[in-house]
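Q: I would like a close look at one part of this model. Please take one residue as the starting point and work outward.

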Amino acid sequence: MKKPTIHSAPIPNLPWEPKPEGCLDIVWRYSGNPVIDRRPLPQATAIYNSAVVPFEGEFAGVFRTEYKDRMQHLHTGRSKDGLSWEFHPQEIRLNAGAGECDDFEYGYDPRVTRIDDVYWVTWCNGFHGPTIGVARTKDFREFEQLENAFLPYNRNGVLFPRKINGRFAMLSRPSDTGHTPFGDIFYSESPDMEFWGRHRHVMGKGLSWWQEKKIGAGPSPIETSEGWLLFYHGVIGTCNGLVYSMGAALLDLDQPWRVIARTNQAILMPEAPYETTGFVPNVVFPVTALADGATGRIAIYYGAADTFSALAFCHAAEVIEFLHANSKV
């Protein structure tokens, strides 16, 4: 079998640490975790479930920042190496551009996706309930807010890094007023990033126990020779509460609502102390996957226990091989 390749630009300074000797897992943790610890800003108790992209030879991001009143805000951050971060002390001020949006209520679990020369930000936006907010920036200083993509209630809005069949494409998870019991991932298209339609069901919860309660798209899908590589979170309800883990799937390049392969087991589960202990114990929540097109290496930023930001690593080829060998669709 020909080795899979990833179709993305090289990232020469990708954060990376080789797999520990004797490790049998396909995803392994950074030994310096968590990369963002408690109290990263004076007014904040935690930064987690946040988005990172290469930017001007370094790294920039939009970060879920939780204040002492437990409300969610969005801040920007910069890093030279993707490991040590400096955060802007003031939250992002969104400028109404193509849309006429209400005042900012709350924002959490952002994703940042570069499409051509624009960085698109999607997040869970408070608008009479949670829905998918959309904004764009070129410099991570000025952010122009567009109309919300969908009606409430919706979460985990994740853009594809290029147009598909001439249209912008997004994954999301429609929900209700409760704790997202719907739990399935859907695909939608837009000609202009404002009007969304052509909705398709991608995959549902319940395929196996570790994802029986709900699932949600994580980082922007990575284009590979085998299909779109999607990392996602799955949730199981236990006697001790909900447990969030990470899985992976391959989606068809031209029709991404068609699932080629999907892991029948989690590839990263809450085990480390910073994943099992925190404001919400037992949470691994992937949000960013930086893929180096030159080496096939992937660095995954994920939220841990709704308290910390952590980093894990993998090789695209190993994940795809694992998917084909352990798939359940």
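Is Arg 297 buried, partly exposed or exposed, and what is its relative accessible area? Please go on from there to the strands and helices around it.

A: This is a predicted model. Arg 297 is partly exposed, because its relative accessible area is 32%, and the buried class requires under 20% while the exposed class requires over 50%.

Start with its place in the chain. Arg 297 lies in strand 21, which covers residues 297-304. Leaving aside residues up to four places away in sequence, Arg 297 touches seven named residues: Leu 14, Trp 16, Leu 290, Ala 291, Asp 292, Cys 314 and His 315. Ile 236 is elsewhere: 61 residues away in sequence, and 29 Å away in space from C-alpha to C-alpha.

Now the sheet. Strand 21 belongs to an open sheet of four strands, with the order 1-22-21-20 and antiparallel pairing. Strand 1 (28-29) and strand 20 (284-291) are the edges; each has a single partner strand, so one side of each lacks a neighbour in the sheet. Strand 1 meets strand 22 in the antiparallel sense, over two bridges. Arg 29 has Ala 312 of strand 22 as its bridge partner.

Further along strand 21 sits Tyr 302. Tyr 302 counts as buried, because its relative accessibility is 1%, and the cut-off for buried is under 20%. Arg 297, by contrast, is partly exposed at 32%. Tyr 302 and Val 287 are 15 residues apart in sequence, yet their C-alpha atoms are 5.5 Å apart. In general, side chains in a regular strand alternate between the two faces of the sheet.

Tyr 302 leads on to helix 1. Glu 275 lies in that helix, residues 273-276, and Tyr 302 is among the residues it touches. Glu 275 counts as buried, with 0% relative accessibility. Its other contacts, not counting residues up to four places away in sequence, include Arg 29, Met 269, Pro 270, Pro 281 and Asn 282. Val 283, Val 284, Ala 304 and Ala 305 also touch Glu 275.

Helix 2 is next, at residues 316-325. Its buried residues are Ala 316, Ala 317, Val 319, Ile 320, Phe 322 and Leu 323. Strand 21 is part of what covers them, as is strand 22 (308-315). The cover also includes strand 16 (222-224), strand 17 (227-238), strand 18 (241-251) and strand 19 (259-262).

Another pair of strands gives a second view of the fold. Strand 2 (residues 44-55) is mostly covered, with eleven of its twelve residues buried. Strand 2 and strand 3 (residues 58-67) run antiparallel and are joined by nine bridges. Ala 44 stands opposite Tyr 67 of strand 3. Two residues separate the strands of this hairpin, where Glu 56 takes a positive phi near 55°.

Finally, the whole chain. Its secondary structure comes to two helices and 22 strands. Buried residues make up 58% of the 329 residues. The radius of gyration is 18 Å, which agrees with the value near 20 Å for a compact globule with 329 residues. The C-alpha atoms fill a box of roughly 50 × 45 × 45 Å along the principal axes. Among contacts with a separation of 6 or more, 53% join residues 24 or more positions apart. The accessible surface comes to about 13900 Å², and 51% of it belongs to carbon and sulfur atoms. The chain carries 31 positive and 38 negative side chains, with the centres of the two sets 3 Å apart.

Key. Residues are numbered from 1 along each chain as its sequence is written. This is a predicted model: local features need pLDDT of at least 70, side-chain atom pairs count only at pLDDT 80 or more; totals for chains, interfaces and linings use all residues. Side-chain values use heavy atoms; hydrogens and water are left out. The radius of gyration is taken over C-alpha atoms; the globule rule is 2.2 Å times the number of residues to the power 0.38. Buried means under 20% relative accessible area, exposed over 50%, partly exposed in between (1.4 Å probe, protein chains only). Contact means heavy atoms within 4.5 Å. Accessible areas come from the Shrake-Rupley method with a 1.4 Å probe; for residues, only the protein chains shown count as cover. Lys and Arg count as positive and Asp and Glu as negative; His and the chain ends are not counted. The place of a charge is taken as NZ of Lys, CZ of Arg, CG of Asp or CD of Glu. Two strands pair if DSSP finds at least two bridges between them.
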